[in-house]
Amino acid sequence: MILGIGSRIKHPAHGVGVVTNVTSKMYWVTFIDNGLETIAIDEEFEIIEGVEGEVDTVSFYEVEKTFRTLLKRYSDISEVIPIADKWKGGKLILEPADTNLTSKEIPIDTFFHKIVMVRDRIRVMEQKINSSSVLEDQDKIDLQQYITRVYGSLTTFNVLFKNKTQQFVGSSKK
């Protein structure tokens with residue numbers, strides 16, 4: 001049996017999720033902990049609740065994607081951004097050049113959370129600039145260039161992100 005959109009599954013590697021799209025060979029599943037993943041139809045997983053039915057012309061995935069976009073645009077709810085596994089539980093050590101001063105240790109998870117908050121606030125600022133009715137188009141372009149440079153300055157911290165799609169992206173040099 002091929003599962004329909006809305007079926008709930010438990011995958012051994014990805015955890016619990018909901019089927020959001022179906023192709024002839026793959027399920028698109030949104031997992032609680034890992035986000036969207038594609039898995040083969042014949043892959044091993046436990047069916048929590050199977051749904052049968054025809055696939056609509058508008059998939060649940062498209063509806064969900066639209067809903068997520070609206071939530072990001074009009075709310076202050078931020079997505080869960082996972083830190084790369086190799087940094088979990090680590091610490092950031094700030095050591096002054098003056099040996100008479102003490103060093104400072106910060107849990108890297110706390111530091112990462114602050115970086116993500118900065119990123120989220122920059123995105124909100126970017127949205128407010130782009131939707132402003134007071135700013136002229138040239139002013140919006142100028143401010144957008146500054147924001148792109150800020151993102152570029154923050155790419156150093158991309159090593160902390162688990163998912164490449166959630167990393168900072170500055171302007172590319174082409």
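A residue counts as partly exposed when its relative accessible area lies between the 20% under which residues are buried and the 50% over which they are exposed. By that rule, Asp-85 is partly exposed because its relative accessibility is 47%. The structure discussed here is a predicted model.

**Overall architecture**

The chain contains three helices and seven strands. Their order along the sequence is β-β-β-β-β-α-β-β-α-α. Of the 174 residues in the chain, 25% are buried. The accessible surface of the chain amounts to about 12,600 Å², and carbon and sulfur atoms contribute 55% of it. Among contacts in the chain with a separation of 6 or more, 45% are between residues 24 or more positions apart.

**Salt bridges**

Side chains of opposite charge can pair when their charged atoms come close. In this model, the count of salt bridges comes to five. Three of the pairs are set out below.

| Pair | Closest N to O distance |
|---|---|
| Asp-85 and Lys-162 | 3.7 Å |
| Glu-105 and Lys-91 | 3.5 Å |
| Arg-119 and Asp-120 | 3.4 Å |

The salt bridge between Asp-85 and Lys-162 links distant parts of the chain, the two residues being 77 residues apart. Asp-85 belongs to the loop between helix H1 (60–74) and strand S6 (91–94), whereas Lys-162 belongs to the segment after H3. Lys-162 is partly exposed, since its relative accessibility is 38%.

In the pair formed by Glu-105 and Lys-91, Glu-105 is located in strand S7 (residues 104–107) and Lys-91 in strand S6, so the salt bridge ties together parts that are 14 residues apart in sequence. Glu-105 has a relative accessible area of 47% and is therefore partly exposed.

The side chains of Arg-119 and Asp-120 also meet in a salt bridge. Arg-119 is buried, with a relative accessible area of 1%. Asp-120 likewise counts as buried, at 18% relative accessibility, because the cut-off for burial is under 20%. Elsewhere, Asp-85, Lys-88 and Lys-162 are joined into one network by salt bridges that share partners.

**Strand S6 and its contacts**

Ile-93 is placed in strand S6. The residue is partly exposed, with a relative accessibility of 44%. Apart from its neighbours within four places in sequence, Ile-93 is in contact with Ser-103, Lys-104 and Glu-105. For Ile-93 and Lys-104, a sequence separation of 11 residues corresponds to a C-alpha to C-alpha distance of 5.8 Å.

**Surface patches**

Two patches, one nonpolar and one negative, are described here. Val-16, Ile-32 and Ile-48 make the nonpolar surface patch, which covers about 260 Å². Ile-32 sits in the loop between strand S3 (26–31) and strand S4 (35–40). Ile-32 is exposed because its relative accessible area of 68% is over 50%.

The negative surface patch is formed by Glu-136, Asp-137, Asp-139 and Asp-142. Asp-137 lies in helix H3, which comprises residues 137–153. With a relative accessible area of 57%, Asp-137 is exposed.

Key
Residues numbered from 1 in each chain as written. Predicted model: local features only at pLDDT ≥ 70, side-chain atom pairs only at ≥ 80, totals over all residues. Heavy atoms only, no water. Patch = residues over 30% accessible without salt bridge, like charges linked within 9 Å, V, L, I, M, F, W, Y side chains within 5 Å. Areas by Shrake-Rupley, 256 points an atom, 1.4 Å probe, with all protein chains shown as cover. Salt bridge = Lys/Arg side-chain N within 4 Å of Asp/Glu carboxyl O. Lys, Arg positive; Asp, Glu negative; His and termini not counted. Charge placed at Lys NZ, Arg CZ, Asp CG, Glu CD. Helix = DSSP H or I, 4+ residues; strand = E, 2+ residues; numbered from the N terminus. Buried < 20%, exposed > 50% of the residue type's maximum accessible area, 1.4 Å probe, protein only. Contact = heavy atoms within 4.5 Å.
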